[in-house]
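Dear colleague,

I am handing over a structure that you have not worked with before. Please look through it first; my notes on what was found follow below.

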Amino acid sequence: MDLFGVILSIHIGLGMICLLSGMVSMLAAKKKGRHTKWGEVYHASYAALAATAIMLAIWKWNEIAYLFYIAVFSYGLAIYGYAARKRKWKNWLQHHIRGMLGSYIGAVTALLVNVGDSIPLLNMLPSLFYWFLPTIIGSPLIYIVARRYRKMLLFLKKYHTKQKSLLQKRLFSVTNICAMIEKQGGCSMKENHQFTIHTNKEKLDIDVIYSYLHHESYWAKGIPLHLVQTSIEHSVCFGVYDECDEQVGFGRIISDFATFAYLADVFILPHARGNGLGKALVQEMIRYQPIQHVRKILLATKDAHGLYSQYGFKEVKNKQLFMQIFKKGMYERAIYSKENKILPGKEG
């Protein structure tokens, strides 16, 4: 088998993975779990599929140049839908649906154009139909699904607007309290119709946490991913999730559970602010049962003194009692080995 044949075989295998994973993701419940995991498989296989299609098209441009255009356009739709979810664009859900379903239509189109004349019944249709049949069938489906979710989101928005005055008084009206046991003792979950707060680390979206701390926070800008993962591993973590079970906030407690506790990395994503989530998150953190008998709880903040003062935090009077070792610019200058050891940094 020549190199073209090898690439073609890989391309066919990737196409099968792409179509199957896309179908599983579409049929799965639209929440974090099977839908998102198979969605990641779909996106990764689609990226590789597009790359091999481009290589094949360039190799035999006079015969299959159309593969290049299908690959570029279809994967562009996949990137569009993928980015809408990851970056949480305004009305991201509709963009996500259009992009991902559109990319799936592109993959089916490429399949039919190449092997449609070998499929019973379909081989009775003119070859031109292979180009347009998936779009004719899929476009109404995209419209129906997007419209359905748009109606659902509009309903939720209207409902929560009516409930805003009540939610501002106490955002997290408790409808369910689950007692669970964690390694460090105790876990709480409080829910209402809009948001949930969990201390279950398995629910945390590491990508969301890392992206905010690394790119947007003023206190941990540039922090490497493995340090974020290590900090989560050795802390009690609180995740805030919206009605679609997407993470929109985070905070963690560092403590010996006897004399001292420290609140760190507390944030709410920009698009979810203005709903009282910051207050609800801080309230849940300081009410965490294992630190109720801790003598001193500390935190550091640049601009949220008003928020924390509502929950008993005060500026330290005797600041001269406190000292610190602060390695400024450590994340930017340090070189991290594969064993996650900090090696001597190099000035760039």
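**Confidence and salt bridges**

The protein chain has a mean pLDDT of 78, with 74% of its residues at 70 or more. Please keep in mind that this is a predicted model.

Confidence varies along the chain. Of its elements, strand 6 has the highest mean pLDDT, 96, and strand 1 (residues 177-180) the lowest, 33. For residues 163-193 the pLDDT is below 50, and this stretch has 65 contacts in the model beyond near neighbours in sequence. Residues 334-348 also have pLDDT under 50; here the model has 21 contacts beyond four places in sequence. Predicted coordinates should not be read in detail where pLDDT is low.

Now to the salt bridges. The search covered the whole structure and found five of them. Three are described here, one after another.

Lys86 pairs with Asp207, and their closest N and O atoms are 3.4 Å apart. Lys86 belongs to helix 4 (residues 66-86) and Asp207 to helix 8 (residues 206-216), so this salt bridge ties together parts that are 121 residues apart in sequence. How exposed are the two partners? Lys86 is partly exposed, with a relative accessible area of 28%. Asp207 is also partly exposed, at 45% relative accessibility.

A further pair is Asp245 and Lys203, whose closest N and O atoms are 3.0 Å apart. Asp245 sits in the loop between strand 4 (236-241) and strand 5 (247-255), while Lys203 sits in the loop between strand 3 (196-198) and helix 8; the pair is 42 residues apart and links distant parts of the chain. Lys203 has a relative accessible area of 18%, and because buried means under 20%, Lys203 counts as buried.

Asp265 and Arg252 form another salt bridge, with 2.7 Å between the closest N and O atoms. Asp265 is in strand 6 (residues 260-268) and Arg252 in strand 5, so here the parts tied together are 13 residues apart in sequence. Are these two residues buried or exposed? Both Asp265 and Arg252 are buried.

Some salt bridges share partners. Which residues do they join into one network? They are Glu40, Lys86 and Asp207.

When you go through the model, you could start with the salt bridge between Asp265 and Arg252. Strand 6, where Asp265 lies, is the element with the highest mean pLDDT.

Regards

How values were computed
Residues are numbered from 1 along each chain as its sequence is written. This is a predicted model: local features need pLDDT of at least 70, side-chain atom pairs count only at pLDDT 80 or more; totals for chains, interfaces and linings use all residues. Side-chain values use heavy atoms; hydrogens and water are left out. A salt bridge is a side-chain nitrogen of Lys or Arg within 4 Å of a carboxyl oxygen of Asp or Glu. Helices (H or I, at least four residues) and strands (E, at least two) are DSSP runs, numbered from the N terminus. Buried means under 20% relative accessible area, exposed over 50%, partly exposed in between (1.4 Å probe, protein chains only). pLDDT is the predictor's confidence in each residue, from 0 to 100. Contact means heavy atoms within 4.5 Å.
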